[in-house]
Amino acid sequence: MKKLILKYFAPKSVEPEIHRKELVLNSMLGFFFLMLAIFELLVIRHEIESISYTGVFVFAISFIPFISSYYFSRKGRINIASAIFISTFTIGSIYGLVLWSAYLPAVLLSFTLITIITGVLINSRAAFLYAIFVSFLLI
């Protein structure tokens, strides 16, 4: 079972820097697939108990960016996969910023986490530009 799971998330590139980025991205994608699957089961259980089936389809749409990011990662397009991964979390953080502004500490922490992820997956220049973008959003 362990080899089967590792087969789908093992990096394919041979260049050391791209190999490292792909390994980090695939590890994060695997973790978020697991989290989304568990959360999806909880949503389905809640929907079945309350006899309301409206939220399952909307929540299932949240898998699309992660699946497309995984697809591009497996095809060797790490920068596109990283951009999709980062933009997915950025959209969620901007939604929290619009709803609750910067009074919610989770919004500021999520922007910080995304900046660090940008630095790891893309490069430090992209992380700096992302930090400037977030600063303008917060102002």
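**Helical architecture and aromatic pairing in the predicted model**

Read along the sequence, the protein chain follows the pattern α-α-α-α-α-α-α. The chain thus described is a predicted model, with 7 helices and 0 strands. Mean pLDDT for the protein chain is 84, and 87% of its residues reach 70 or more. Confidence varies between the elements: the lowest mean, 64, falls in helix α1 (residues 2–9), whereas the highest, 94, is found in helix α7 (residues 124–138).

Of the 139 residues in the protein chain, buried residues account for 29%. The accessible surface of the chain amounts to about 9,400 Å², and carbon and sulfur atoms contribute 75% of that area. When contacts between residues at least 6 apart in sequence are considered, 54% of them join residues at least 24 apart.

Aromatic side chains were examined next. The structure contains 10 aromatic pairs. One of these is formed by Phe32 and Phe89, whose ring centres lie 4.9 Å apart. The planes of these two rings meet at 55°, a value that is not over the 60 degrees required for an edge-to-face pair and not under the 30 degrees required for a stacked one, so the pair is classed as tilted. Phe32 belongs to helix α2 (residues 16–49) and Phe89 to helix α5 (residues 78–100); the pair therefore ties together parts that are 57 residues apart in sequence. The two partners fall into separate accessibility classes. Phe32 has a relative accessible area of 16% and is therefore buried, the cut-off being under 20%. Phe89, at 25% relative accessibility, counts as partly exposed.

Phe89 also takes part in an aromatic pair with Phe85, for which the centre-to-centre distance is 5.1 Å and the angle between the planes is 75°, an edge-to-face arrangement. Both Phe85 and Phe89 lie in helix α5, where a spacing of 4 residues places them about one turn of the helix apart. Phe85 is buried, with a relative accessible area of 1%. Phe89 thus pairs with Phe32 of helix α2 and with Phe85, which lies in helix α5 along with Phe89 itself.

These pairs form part of a wider arrangement. Ring pairs link Phe31, Phe32, Phe66, Phe85 and Phe89 into a cluster. Among the members of this cluster, Phe32 and Phe85 are buried, at 16% and 1% respectively, while Phe89 is partly exposed.

Terms used: Residues are numbered from 1 along each chain as its sequence is written. This is a predicted model: local features need pLDDT of at least 70, side-chain atom pairs count only at pLDDT 80 or more; totals for chains, interfaces and linings use all residues. Side-chain values use heavy atoms; hydrogens and water are left out. pLDDT is the predictor's confidence in each residue, from 0 to 100. Helices (H or I, at least four residues) and strands (E, at least two) are DSSP runs, numbered from the N terminus. Rings of Phe, Tyr and Trp (its six-membered ring) pair if their centres lie within 6.5 Å; planes under 30 degrees apart count as stacked, over 60 as edge-to-face and the rest as tilted. Buried means under 20% relative accessible area, exposed over 50%, partly exposed in between (1.4 Å probe, protein chains only). Contact means heavy atoms within 4.5 Å. Accessible areas come from the Shrake-Rupley method with a 1.4 Å probe; for residues, only the protein chains shown count as cover.
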